[in-house]
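Q: I'd like a close look at one part of this protein: how its pieces pack, and what open space lies around them. Please explain each term as you go.

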Amino acid sequence: MSRESGPEASPPVALSPRRPTRGVRIGRVTIGAGHPIAVQSMTATKTTDIEATVRQVLDLERAGADVVRIAVDGAKEAAALGEIRARTRANLSVDLQENYRLAREVAPHVDKIRYNPGHLHHHERGKPVRDKVAFLADIAVKHDVALRVGVNCGSVDPDKAGRFGGDSVAEMVESALEHAAMLDDLGFTRFCVSLKDSDPKKVVDANRRFSERRPDVPLHLGVTEAGLPPDGVIKTRIAFEQLLAAGIGDTLRVSLTVPNDRKGEEIEAGRSILDDIAHGRFRSVPPHFGSGLNIISCPSCSRVENEAFVELAMQVQEMTAYAREHALTIAVMGCRVNGPGETDDADLGLWCAPNFVNLKRGSEDLGSFRYDEVLARLRIELDRLIEARREQPAAARRS
């Protein structure tokens with residue numbers, strides 16, 4: 001049996017036909033090679049708060065999580081992993097950010113390490129990327145852990161950005177292919193790949209393209225920053241139904257913006273989608289879904305610097321209900337890792353610091369505001385954009 005869970009976990013769901021990827025072991029779970037699709041989630045507690053993090057890991061495992069991911073940004077979080085590992089048998093994955101060398105400290109305590117190809121360029125910039133990947137592969141072999149090449153739309157490898165005529169999907173796919181080839185050349189094959197975007201159509205396109213070129217590599221599916229339920233679940237379902245029905249996908253995560261005590265909803269949503277697909281229950285996309293106001297927000301995780309971020313995202317959704325029919329995108333990001341870059345493509349963006357919220361219009365900074373005052377300014381900017389959109393057709397008619 002390749003999957004072991006607690007007594008309350010849901011039974012595995014096997015989908016067919018599946019593309020014949022190779023098997024990759026993550027602790028007591030194996031993904032790919034026809035094994036049941038593993039459902040993952042991520043802790044939202046501060047990793048240095050060992051009691052809270054262990055409690056959430058155990059809660060997610062009881063909810064049916066096959067793999068639980070924990071973020072590590074520095075030495076303090078890395079040091080906490082040893083105690084967390086000692087208190088749970090859950091299959092643990094760690095999310096490294098810019099300091100890839102932390103892999104040496106975290107590897108003894110986890111079953112998988114996820115790294116972002118784009119972030120490898122920000123640390124030791126004079127060192128070739130291949131050398132950094134070789135370091136990660138060597139650590140993985142030494143400590144018996146798997147790797148995930150986690151490509152994200154908001155932090156694409158700078159060497160790929162702008163090289164494909166505005167085709168952002170091609171940038172992601174080429175980055176993933178390059179790193180898969182590097183790991184192959186190093187003789188390391190115990191890895192999977194993820195290609196995530198907040199647009200479910202791009203997620204489908206990216207995973208299809210990669211799967212055509214590398215059908216052997218297991219794929220981790222997800223729509224990043226899917227946002228608040230129910231829209232976040234719908235966006236994710238759009239991508240998963242198309243990919244899983246085509247046999248693409250070996251593990252998945254539903255990334256939702258929810259409070260800490262509701263993280264289990266990610267597991268529940270993932271297993272519900274899997275069960276529906278396995279039994280042929282495909283749900284049509286609601287009419288005009290995605291054609292109006294689009295609110296994207298990152299899933300709550302341990303990098304969030306103020307838990308008020310989740311409440312703010314909910315308030316943004318409520319306050320902007322009057323603009324639902326307008327084709328605009330508002331991004332609400334919870335940390336400095338994803339916030340600055342991933343709000344650039346939105347019409348309006350908010351990224352949350354510990355005591356204030358940075359407001360942006362596209363890539364233009366509009367200033368920093370207190371949590372209790374940013375909504376009023378957001379509404380002013382939203383109204384300005386709506387009015388500008390109304391004036392554009394009128395100006396076109398006059399010309």
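A: Contact, or touching, means heavy atoms within 4.5 Å. This is a predicted model, where local features need pLDDT of at least 70 and side-chain atom pairs count only at pLDDT 80 or more, while totals for chains, interfaces and linings use all residues. Residues are numbered from 1 along each chain as its sequence is written, and side-chain values use heavy atoms, leaving out hydrogens and water.

Let's start with R213, a residue of helix α6 (helices are DSSP runs of H or I with at least four residues, strands are runs of E with at least two, and both are numbered from the N terminus). Leaving aside residues up to four places away in sequence, R213 touches E174 and L177. Its C-alpha lies 9.5 Å from that of V173, although the two residues are 40 apart along the chain. Both E174 and L177 fall within the residue range of α5 (168-185).

Now widen the view to the whole helix. Helix α6 covers residues 200-213 and packs against helix α7, residues 231-245, at an angle of about 25° and with the axes 8 Å apart (axes are lines fitted to C-alpha atoms over the stretch in contact, with angles from 0 to 180 degrees between N-to-C directions). That angle is why α6 counts as roughly parallel to α7 (under 35 degrees is roughly parallel, over 145 roughly antiparallel, 65 to 115 roughly perpendicular, and the rest oblique). The crossing of α6 and α7 is right-handed (the near helix is turned clockwise from the far one by less than a right angle; anticlockwise would be left-handed). On the α6 side, the contact uses P200, V203, V204, N207 and R208, and these meet K235, I238, A239, Q242 and L243 of α7. By class, this contact holds six nonpolar, two polar and two charged residues (Ala, Val, Leu, Ile, Met, Phe, Trp, Tyr, Cys and Pro are nonpolar, Asp, Glu, Lys and Arg charged, and the others, Gly among them, polar).

Helix α7 has another partner to look at. It packs with helix α8, residues 264-278, at about 40°, and here the axes are 10 Å apart. Because of that angle, α7 is oblique to α8. This crossing, too, is right-handed. From α7 come V233, T236, R237, F240, E241 and L244, while α8 brings A269, S272, I273, L274, D276 and I277. Seven nonpolar, two polar and three charged residues make up the contact of α7 with α8.

What leads into α7 deserves a glance as well. The loop between β9 (219-221) and α7 holds P230, and the peptide bond joining P229 to P230 is cis, with omega near 5°. Most peptide bonds are trans.

Next, the open space. The largest pocket holds about 1,100 Å³ (on a 1 Å grid over the protein atoms alone, a pocket is an open set of points with protein on both sides within 12 Å along at least five of seven lines, whereas in a cavity a 1.4 Å probe fits but cannot get out; lining residues have an atom within 4 Å of a point). Volume is the space filled by probe spheres set on the points, which are joined across faces, edges and corners. This pocket has 44 lining residues, and S198, K235, N294, I296 and T329 are the ones nearest its centre. K235 is thus a residue to keep in view, as it also takes part in the contact of α6 with α7. Helices α5, α6, α7 and α10 (339-342) and strand β11 (294-297) each give at least two residues to the lining. The pocket lining comprises 16 nonpolar, 15 polar and 13 charged residues.

Finally, the enclosed space. Searching the whole structure turns up three cavities of 30 Å³ or more. The second largest has a volume of about 50 Å³, and R19, T21, S211, R214, P215, V217, L219, G247, I248, G249 and D250 line it. S211 lies within the range of α6, and L219 within that of β9. Four nonpolar, four polar and three charged residues form this lining.
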